[in-house]
Structures are given as structure tokens and as C-alpha cells.
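I opened a fresh page for this one and kept my notes in the order I looked things up. Have the structure up alongside as you read.

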Amino acid sequence: MAGTTPPITILGAGLTGLSAAHHLGDDFQLLERLGHVGGHAITLAEGGYRFDRTGHLLHLRDPGIKAWMAEVFDEGYLLKVQRKSEVFSHGRYTRYPYQANTFGLPPEVAYECLQGYLATRLRTEPVAPPTNFEEFCLQNFGEGFSKHFMIPYNSRLWGVHPSEITAAWCSRFVPLPKLDDVIAGAVGLNDRELGYNTNFLYPPTGIHALPERIAERVKAPRFHTAPTAIDWRRREMVFEDNHREPYRALITTAPLKSLVASLVDAPEAVRVAGEKLRCTKLWYLDVAARAPCRRDIHWAYVPEEKYPFYRVGVYSHFSPQMAPPGGSSYYVELASREAPDLETLGPEVARGMVEMGLVASVDEIEFMRARCIEYAYVIFDHNFYSSLEIIRPFLQEQGIISAGRYGGWNYSAMEDALIFGRAAAQEAREIVK
Ligand SMILES: Cc1cc2nc3c(=O)[nH]c(=O)nc-3n(C[C@H](O)[C@H](O)[C@H](O)COP(=O)(O)OP(=O)(O)OC[C@H]3O[C@@H](n4cnc5c(N)ncnc54)[C@H](O)[C@@H]3O)c2cc1C
């Protein structure tokens with residue numbers, strides 16, 4: 001094997017690994033632990049219903065990636081969808097983002113939100129930059145918005161209190177409304193969608209079409225193949241049966257934490273930094289219903305603790321092909337990090353979906369399946385940056401490029417994965433030339 005191993009190995013046929021393969025063209029091997037491509041970007045089918053691994057909506061901004069996608073998909077194949085997202089709280093819906101759409105909330109809640117927001121805007125004394133996400137919310141949105149949405153919602157999403165998360169990552173993903181938007185939203189005059197994802201692209205049969213189409217055009221992966229250890233001193237991968245394969249450059253998209261744990265005799269500082277990396281697990285439900293969804297939304301945020309879920313999305317509103325005629329398909333993201341017991345949780349979720357007006361009665365639910373994403377959200381806690389500062393240069397010296405959402409240990413989207421793969425290919429070429 002050793003004599004025939006190409007100089008570059010890619011670990012993982014998710015979007016990052018596939019993009020690296022596409023941009024390398026040849027002279028690499030692609031190993032995938034599972035039996036299929038796609039990583040997190042897959043679609044499961046059951047009884048005519050289709051489910052991604054929660055909402056996977058495609059946003060394209062990079063000119064190079066846009067041009068590539070125009071080759072991958074025929075003109076007009078991807079659905080162009082205008083986001084319809086809402087917040088469900090106090091038994092009512094308001095549009096997303098909450099901070100620019102308080103119209104329709106109980107007056108005392110809307111008042112508390114506006115009063116707190118204006119207090120932050122009218123503040124005259126200087127404030128120190130926020131050190132954590134909770135402070136970021138209080139400084140930018142005020143007490144009311146923080147209490148009614150930002151803190152409870154984000155605690156449920158991230159699985160940790162926002163005070164444990166640094167403020168540094170917020171700017172791209174948390175929309176900061178203008179004063180005028182907040183005022184207009186309070187009186188029901190906001191007709192603009194805010195935030196970074198107001199439109200999205202979506203393949204009619206689910207997101208798996210994206211990695212599948214890319215995979216059709218690159219050298220086939222070796223499936224069910226993953227090294228158990230990386231002998232970085234010898235630049236070799238070690239497999240379960242103890243055979244070894246060399247690499248000159250290794251692009252790995254495996255979660256960084258597991259990569260560091262698999263390094264043979266990693267330096268103590270690197271090992272300890274790897275142990276400090278934190279990530280949340282996510283449990284969610286695939287839900288199939290016999291009737292169409294009764295509310296015209298793509299997804300809704302649910303901040304209140306009385307519901308066991310914090311977000312519900314409607315796949316069949318992304319594309320009608322995601323459910324059989326007359327049916328609807330959903331993802332329900334659960335706040336608890338424990339494995340759900342569907343016997344008790346299922347009826348609670350179904351009742352919540354009735355309260356939200358998505359289904360008319362619990363009898364419309366045909367089935368629910370519990371799914372887990374072991375690595376869902378990297379936690380940007382106070383050890384995050386210092387740990388990466390130790391791990392990254394070490395890996396770089398060993399010809400190891402750890403890339404992607406989990407390889408790079410970041411919060412990023414599918415287009416980013418394609419960009420990361422492109423950059424990793426370039427870096428690997430430099431190493432082996
Ligand atoms: C809940 C959730 C919602 C999201 N929603 C969106 C969205 O709406 N829009 C959007 O653009 N993005 C979204 N994303 C992000 C998107 O899923 C990721 O950015 C992208 O799929 C990451 O691709 P990747 O290749 O880096 O990693 P992965 O998808 O994790 O792929 C890694 C691959 O490597 C394989 N692997 C792991 N270890 C090894 C090993 N040692 N050897 C060989 N193979 C290995 C895995 O099996 C997997 O196939 C979401 C992510 C999550 C978790």
C-alpha cells in the first residue's frame with residue numbers, strides 16, 4: 001500500500017473534503033469513515049418523507065464557489081427561496097429577528113424590550129467592550145430583549161449559558177438592528193427581512209444533492225476507511241488492523257478534538273489544549289405529518305422553556321418534494337442534551353406543534369424519529385482561542401491541515417466548507433511540491 005499511496009490524503013467526504021478533492025483534481029486519496037458522502041449535509045428518506053440533518057439552507061456569496069455551483073447544478077435546478085422565519089413566544093408569532101419585531105407581543109413584554117433597548121441607546125457613560133455573549137446582548141439589546149429572547153434562546157441553542165461564550169463570534173451571526181428598525185418593528189411597520197440569511201438556495205430533493213453532485217465529479221472515496229491514529233513524527237496513518245499508510249500532506253476534516261486525541265504521543269501542551277475544546281451535542285426529531293403544515297413559515301424560534309424544543313423547521317416548505325402529497329415534514333431541535341425518550345417526549349412535542357398551529361391535532365403526526373448530532377456547535381468559551389493557538393501551529397509543522405467546520409473548530413456554513421476545502425487543497429499542494 002505504502003508505495004502506491006498518493007502524497008495527499010483527505011480524511012472525510014463531507015463538503016470540505018469533497019471540495020478539497022475537487023480543487024486537487026488528482027494525486028490524492030479520499031478516505032471516508034462512513035459508507036456515504038456528505039457528512040452533515042445528508043438527507044434521509046422514510047415513507048415518502050425526506051429529512052436533512054435539521055435545516056441546511058445554502059447561501060452563496062463567493063464568486064468562485066458560485067461559478068463552480070453553476071457547473072454542478074443545471075440552471076434553475078436549485079430552488080431560490082425567500083426566508084420566512086418567525087419567533088413563537090407568549091402564544092404568539094412575531095417575525096425574526098425578535099429585536100426588530102416586537103409588534104404582536106403582549107404589551108408589557110414589548111414595553112420591557114423597547115424600554116431596555118432605548119436605555120442602551122441613550123446611555124452616555126462609556127462602557128467596556130463586552131467580554132462574553134451575555135454582556136454583548138445586554139449592551140446591544142438591553143435587559144428586556146436579553147431576558148425574553150437572547151439569553152433563553154441562546155442558552156437552549158448552545159447548551160451553555162451565554163456568559164460562558166466569548167463575545168468575539170457574535171458580529172457575523174447576530175443581527176444588530178438599527179434604531180429605526182426596532183421602532184418600526186414595534187408598531188408593525190417592518191417589512192424588511194434582516195440578518196445574513198434572508199434568501200437561500202435549496203435542492204428540491206434535500207441537501208444531500210449538493211455533496212452527491214460534487215462527488216459524481218471527483219475521484220471516488222474509499223468508504224468505511226478511517227485511521228485510528230496519526231503517527232505525526234513518521235507522517236503515517238495507523239489503521240485498526242495496524243497497517244500504516246504514509247502521507248506527505250494530510251487534510252483532515254474530522255473534529256479537531258478527536259484528531260488531537262488520535263495523535264501518537266502528542267506534546268503535552270497540545271494534548272491538554274485538545275482536551276479543553278468543547279462542543280455541544282444536539283438531539284433533534286424528524287417529524288412526519290399526514291396533513292400540510294398550517295402555518296406559512298420555514299422555521300420558528302421558540303425561546304420559552306415550557307417547550308422542550310427551541311426551533312422547529314418545515315422541510316416541506318423548503319421544497320414540496322420533502323413530503324408526500326398532502327403531508328408535511330419537520331425538524332424539531334431539542335433543548336436537552338440527553339437522549340430523548342420518545343414515549344414521554346413525543347406527545348409533549350406534538351402538543352407543542354399543535355399550540356404553534358403547525359398541525360391541527362396530535363393525530364396528524366405519523367411518526368417521529370430521534371436523531372443525534374454528536375458534534376453540533378463548537379463552544380466559543382474562554383479557552384477557545386488559547387487552545388487553538390497551541391494546536392494550529394503544531395499541526396501545520398507536521399503537514400496536517402485540519403479544515404472545515406469541525407476540523408477548523410468553528411461556526412461556519414456549507415459555503416464556508418467549500419471555501420475551506422479549496423484553501424486546504426492549495427495549502428496541501430504547497431507542502432508536497
Ligand atoms: C444543526 C446544524 C445546522 C446547520 N445548518 C446549516 C445551514 O442552514 N446552512 C449552512 O450552510 N450550513 C449549515 N450547517 C453547517 C454545515 O453542516 C457544515 O458547515 C458542513 O456540512 C461541514 O462540512 P465538513 O465537511 O467540514 O464537516 P462534516 O460534514 O462533519 O464532514 C466530515 C466528514 O468526515 C468524516 N470523518 C470524520 N472523521 C473521519 C476520519 N478520521 N477519517 C475519515 N473520515 C472521517 C465524517 O464521517 C464526515 O463525512 C449546519 C450544521 C449543523 C450542525
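Entry 1, a helix on a sheet. I am working with a predicted model. I began at helix H11 (residues 342-355), which lies across S13, S15, S16 and S17. Against S17, helix H11 runs at about 100 degrees.

Entry 2, the sheet itself. I traced the strand order next and got S7-S6-S14-S15-S16-S13-S17, seven strands in an open sheet with mixed pairing. At the edges I found strand S7 (92-95) and S17, each of which pairs on one side only. From one strand to the next, the twist averages 25 degrees.

Entry 3, another helix. I then turned to helix H4 (residues 133-158), which also packs on the sheet. Helix H4 touches strand S6 (85-89), strand S13 (279-289), strand S14 (299-301), S15 and S17. I noted its direction at about 80 degrees to that of S15.

Entry 4, two strand pairs. I looked up S15 (residues 309-314) with S16 (residues 328-334): the two are antiparallel, with five bridges. Gly 313 sits opposite Tyr 331 in S16. For S6 and S7 I noted four bridges, again antiparallel. Here Val 87 has Thr 94 in S7 as its bridge partner. The hairpin of S6 and S7 has two residues between the strands, and in this hairpin His 90 takes a positive phi near 50 degrees.

Entry 5, domains. I wrote down the division of the protein chain: domain 1 (2-37 + 221-277 + 381-432), domain 2 (42-83 + 197-208 + 279-378) and domain 3 (101-182). The C-alpha centres of domain 2 and domain 3 are 27 Å apart. To their contact, domain 2 gives eight residues and domain 3 gives eight residues. On the domain 2 side I listed five nonpolar residues, one polar and two charged.

Entry 6, the ligand. Which residues come nearest to the ligand? Of the 33 around the ligand, I noted Gly 12, Gly 14, Gly 39, Gly 404 and Ala 413. Helix H1 (15-24), strand S17 (365-378), helix H13 (404-407) and helix H14 (414-432) are the elements that give two or more residues to this shell. So S17 goes into my notes twice, as an edge strand of the sheet and as a contributor to the ligand shell. By class, I recorded 17 nonpolar, 12 polar and four charged residues around the ligand. Domain 1 and domain 2 each supply at least three residues to the shell.

Technical notes. Residues numbered from 1 in each chain as written. Predicted model: local features only at pLDDT ≥ 70, side-chain atom pairs only at ≥ 80, totals over all residues. Near = placed C-beta within 6 Å. Nonpolar A, V, L, I, M, F, W, Y, C, P; charged D, E, K, R; others polar. Domains from an automatic or database assignment. Contact = placed C-beta atoms within 7 Å. Pairing = 2+ DSSP bridges. Axes fitted to C-alpha atoms, helices over the stretch in contact; angles between N-to-C directions.
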